[in-house]
2 protein chains.
Amino acid sequence: MAAGGGDPVAELSALRQSIDNIDMALVAMLAERFRCTKAVGELKARYKMPPADPDREARQIARLRELARNARLDPDFAEKFLNFIIREVIRHHEAIARDDAAHADVARESAAVEARP
Amino acid sequence: MAAGGGDPVAELSALRQSIDNIDMALVAMLAERFRCTKAVGELKARYKMPPADPDREARQIARLRELARNARLDPDFAEKFLNFIIREVIRHHEAIARDDAAHADVARESAAVEARP
């Protein structure tokens, strides 16, 4: 966080520059996080692993709340934030599942066409 | 994002480690962002600047969508994310305003007590 030494307009502008830099980092981290969760989704689908893991989720929430406390961030907000992200991950996984189902339909259809006498 | 070379359990564990590292970075960035927005709120209150700035918000949204596109993150999600954060910032600012009002009440009350003959 940068401050601008007395002049309120300069100070506001310096703070906004910090906010914009942080937002750039947040977008990059979120993009990388979704790459990871996409890979997890594909891995679980390939190896028929259960999609949900309540123990892992409980550990993640407890850890995030602790990290938040150390960073002086409201732990309730950190938990809300994780739930917000997880909802998006589920939306992605549902979209992947729909795509897979659509591909399976097309495959079944062309198999049926090829099987015609 | 790290992958675990063939063994699905090792691969899942490696991906989860990446997710946990990213979450640590996200919490740190969020904590710093709220420090900045808190400073903005205090600055605006001190210098009687207007609390909302629709032009700034529109520029922030447009920029974040562009950053998201470059990082292969869904721009709609990036915008939802910014709105989620802004709602929390507003909640903080309202809490600061309530605190200020409460302090003003206490100040008025003790001034009244001291003003007694």
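Copies are superposed by least squares on the C-alpha atoms of residues with pLDDT of at least 70 in both. In this predicted model, a turn of 180° with a shift of 0.0 Å along the axis lays chain B on chain A at an RMSD of 0.0 Å. The two copies are therefore related as by a two-fold rotation axis.

**Symmetry of the two chains**
- The C-alpha of B:Leu26 is the one in chain B nearest the axis, at 3.2 Å from it.
- Both copies use the same surface, since 100% of the contact residues of chain B recur in chain A.

**Helix packing between the chains**
- Two packed helices are described by the angle between their axes and the distance between the axes.
- Helix α1 of chain A spans residues 8–46, and helix α2 of chain B spans residues 54–70.
- These helices pack at an angle of about 35°, and their axes are 9 Å apart.
- The crossing of α1(A) past α2(B) is right-handed.
- On the α1(A) side, the contact is made by A:Asp23, A:Met24 and A:Val27.
- On the α2(B) side, the contributing residues are B:Leu64, B:Leu67 and B:Ala68.
- The contact of α1(A) with α2(B) has five nonpolar residues, one charged residue and no polar ones.

**Domains of chain A**
- The domain assignment divides chain A into domain 1 (1–49) and domain 2 (52–117).
- Contact between these domains in chain A involves four residues of domain 1 and four residues of domain 2.
- The side of domain 1 of chain A that touches domain 2 of chain A has one nonpolar, two polar and one charged residues.

How values were computed:
Residues numbered from 1 in each chain as written. Chains lettered and ligands numbered in written order. Predicted model: local features only at pLDDT ≥ 70, side-chain atom pairs only at ≥ 80, totals over all residues. Domains from an automatic or database assignment. Contact = placed C-beta atoms within 7 Å. Nonpolar A, V, L, I, M, F, W, Y, C, P; charged D, E, K, R; others polar. Axes fitted to C-alpha atoms, helices over the stretch in contact; angles between N-to-C directions. Helix = DSSP H or I, 4+ residues; strand = E, 2+ residues; numbered from the N terminus. Left-handed = near helix turned anticlockwise from the far one by under 90°.
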